[in-house]
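Trainee: Could you help me see how the labels on this model are earned? I would like to set each one against its definition.

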Amino acid sequence: MKRLRNGLELPEIGFGTYKAGANDTEVVTEAIHAGYRLIDTASVYGTERAVGKAVRACGISRDALVITTKAWRTELGYDQVMRAFERSLGRLDMDYIDLYLLHWPARDDDVDRDSWRAMERLYDEGVVNAIGVSNYLTHHLQNILAVCNVLPMVDQIEFHPGYLQQDTVEFALNNGICMEAWSPLGRQRLNEEPQLLALAASHGTTVQAICLAFVRQSGLIPLPKSSSAERMRENLKSDITLTSEEMDIIRGMLQCGWSGEHPDVAPDKDVKVPD
Ligand SMILES: NC(=O)c1ccc[n+]([C@@H]2O[C@H](COP(=O)([O-])OP(=O)(O)OC[C@H]3O[C@@H](n4cnc5c(N)ncnc54)[C@H](OP(=O)(O)O)[C@@H]3O)[C@@H](O)[C@H]2O)c1
């Protein structure tokens, strides 16, 4: 377990629900039955309803689960975040959320500060147990840290052997911000990477297990997604330990870089949050 600064504990691995598939409720239910207790969704994924249904039907006590959701880029600003939160709560059909995140920075420091004030209000009202951000680089975190009353507890960023974001990880961890890794398997882009294949062969395991060990040993919580019951169990059970030399080999690997959009670059076109 990783303890946030307010005492809330997060499991060492979580389950990602982006593109969980047409049978998303079954996928999330299967993940909970496999043993995942941290579930990651977002307003823009269209999986909040499925997460809510799976949580209600799974037979596991609500307080044993850590449910994360996020306010999308089109939902930023004080009033917008407050309304986005209500919509997410409605789709999840829950009366509180464990961890609420701002999904992306706004590329406008004032908007980010306004959005964060709404997050602080939700936290003070007790409708969220912890608040944080996602895709915030060091300068975005500094913008919030300079004015906040409640420090961000989590930053969820893209992190895997092909994209280390070292500066942000060091800054966040040094400031007591818990880091979560999205696309911890590199979204299939690392499967043929020779150094990872060699490490997998020497440990008698898979590239994916090497990626997850690397993420965990770097101090981040991996959030792998799989729609296959077998692979979600494999990811959860993977528990190999890399030596410091092996960690160095991975750190020295050629970087394949970010897979999606960059927090400092305006998207060509923004995705709409589904109803
Ligand atoms: N905050 C953000 O901006 C942000 C952005 C992107 C993602 N996320 C979160 O991070 C989660 C994970 O990211 P991601 O889905 O982009 O990438 P990922 O977890 O790195 O990769 C998922 C891909 O790997 C495959 N896979 C999973 N386990 C495997 C295994 N053991 N062996 C072989 N293949 C395996 C999956 O296929 P199958 O499903 O067929 O197994 C899927 O194609 C998302 O679901 C979401 O919750 C957050």
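Mentor: Happily; we are looking at a predicted model, and we will take its labels in turn.

Trainee: What makes β5 mostly covered?

Mentor: A residue is buried if 20 or more other C-beta atoms lie within 10 Å of its own. In β5, six of its six residues are buried, so each of them reaches that cut-off. Both faces are covered: Val66, Thr68 and Lys70 lie on one side, and Ile67, Thr69 and Ala71 on the other.

Trainee: How do you know that β4 and β5 pair?

Mentor: Pairing needs at least two bridges between the strands. β4 and β5 have three bridges, in the parallel sense, so they qualify as paired. Here Ile39 stands opposite Ile67.

Trainee: And what about β5 and β6?

Mentor: These two strands are joined over four bridges, again parallel, so the requirement of at least two is met. Thr68 stands opposite Leu99 of β6.

Trainee: Why is the β4, α2 and β5 unit called right-handed?

Mentor: Because, with the strands pointing away from you, the path from the first strand over the helix to the second runs clockwise. The β5, α3 and β6 unit is right-handed as well.

Trainee: Which elements cover the buried residues of α2?

Mentor: They include α1, β4, β5 and α3. The buried residues of α2 are Glu48, Ala50, Val51, Gly52 and Ala54. Just after α2, Gly59 takes a positive phi of about 85 degrees.

Terms used
Residues are numbered from 1 along each chain as its sequence is written. This is a predicted model: local features need pLDDT of at least 70, side-chain atom pairs count only at pLDDT 80 or more; totals for chains, interfaces and linings use all residues. A residue is buried if 20 or more other C-beta atoms lie within 10 Å of its own, exposed if 12 or fewer, and partly exposed in between; C-beta atoms are placed from the backbone. Two residues are in contact if their C-beta atoms, placed from the backbone, lie within 7 Å.
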